[in-house]
Amino acid sequence: NAIVEWAYIDYELHDVASIHVGKIKQPVFLVNDYVEVGFAYPWIRPPSEVYYLINPLNTVNGLELLLQFPIGPGTLSFQPYIGSNRDDIPNAQGAYFEAENIYGIDVKYSGRGYSVHASNFQCEVKTYGGFTTDANNPFGTPLNVDLNGTGDCNVTAAGMNLDLANFVVYAEWTNRTTTDELSRPFGDQEAFYATLGYRIGNFMPHVTYASIYGEA
């Protein structure tokens with residue numbers, strides 16, 4: 001009953017280049033690579049406005065190239081990738097989608113205690129299924145929601161984190177646009193969050209503000 005989040009072959013082409021083939025983490029946001037490892041970030045779970053609702057796809061079955069170049073005090077990395085996968089549509093009671101012909105890239109510069117990145121990916125999406133609601137909704141009558149559709153999706157993201165002395169800062173922004181055929185399950189959306197924390201011994205109180213808005 002195991003759910004495999006990643007399983008890939010890593011081949012080193014050069015000191016600064018390697019290739020991953022298999023099921024890989026999709027490099028879209030700051031903590032995508034270790035989103036299931038709660039010890040590695042300050043929240044109980046990453047803000048869902050960015051990490052789940054905009055892009056519910058965390059893994060890709062395909063191929064990824066990792067290029068890393070030491071520049072100044074940090075490392076500049078490029079991660080282009082291609083692939084496909086399927087997953088559930090958030091809050092859709094079992095309806096699901098298939099993402100095909102995914103191609104994207106993440107560019108990151110990181111050093112000791114800081115990192116900044118920007119990413120973009122595009123794909124073709126097919127959605128399947130739907131659900132029925134009871135009368136407890138603004139229209140006062142049961143609704144049959146059809147989520148079947150086909151269209152294109154484009155997701156852009158940017159973010160940064162800083163760990164300076166006892167201060168910890170995270171901030172990310174992302175935007176999703178889709179064609180009209182996907183406007184019901186995956187409408188255009190934009191989201192962001194900002195986190196500020198302060199270490200006090202073994203504790204780190206922090207505050208996070210997050211927002212998401214769009215059309216569906």
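**Exercise 1. Find the nonpolar surface patch that includes Leu196, and classify leucine 196 as buried, partly exposed or exposed.**

Step 1. Phe167, Leu196, Tyr198, Ile200, Phe203 and Val207 make up a nonpolar patch on the surface, and together they offer about 630 Å² of accessible area. Patch members have over 30% relative accessible area and no salt bridge, and nonpolar side chains (Val, Leu, Ile, Met, Phe, Trp, Tyr) are joined within 5 Å. A salt bridge is a side-chain nitrogen of Lys or Arg within 4 Å of a carboxyl oxygen of Asp or Glu. Areas come from the Shrake-Rupley method with a 1.4 Å probe, and for residues only the protein chains shown count as cover.

Step 2. Leucine 196 belongs to strand β11 (residues 189–198). Strands are DSSP runs of E with at least two residues, helices are runs of H or I with at least four, and both are numbered from the N terminus.

Step 3. Leucine 196 is partly exposed because its relative accessible area is 45%; buried means under 20%, exposed over 50%, and partly exposed in between.

Before going on, note that this is a predicted model: local features need pLDDT of at least 70, side-chain atom pairs count only at pLDDT 80 or more, and totals for chains, interfaces and linings use all residues. Residues are numbered from 1 along each chain as its sequence is written, and side-chain values use heavy atoms, leaving out hydrogens and water.

**Exercise 2. Work out which backbone oxygen the side chain of threonine 178 reaches.**

Step 1. Locate threonine 178 in strand β10 (residues 167–178).

Step 2. Threonine 178 counts as buried because its relative accessibility is 14%.

Step 3. Its side chain reaches the backbone oxygen of phenylalanine 186 at 2.6 Å. This fits a polar contact: N or O atoms within 3.5 Å, one able to donate a hydrogen and the other to accept it, with residues adjacent in sequence counting only if both atoms are side-chain atoms.

**Exercise 3. Describe the setting of serine 115 and its side-chain partner.**

Step 1. Serine 115 sits in strand β6, and is buried because its relative accessible area is 10%.

Step 2. The side chains of serine 115 and asparagine 161 share a polar contact of 2.2 Å.

**Exercise 4. Place lysine 23 and find its backbone partner.**

Step 1. Lysine 23 lies in strand β2 (residues 17–25), and is partly exposed because its relative accessible area is 25%.

Step 2. A polar atom of the lysine 23 side chain lies 2.8 Å from the backbone oxygen of valine 4.

Technical notes. Patches are made of residues with over 30% relative accessible area and no salt bridge: like charges are joined within 9 Å, nonpolar side chains (Val, Leu, Ile, Met, Phe, Trp, Tyr) within 5 Å. Buried means under 20% relative accessible area, exposed over 50%, partly exposed in between (1.4 Å probe, protein chains only).
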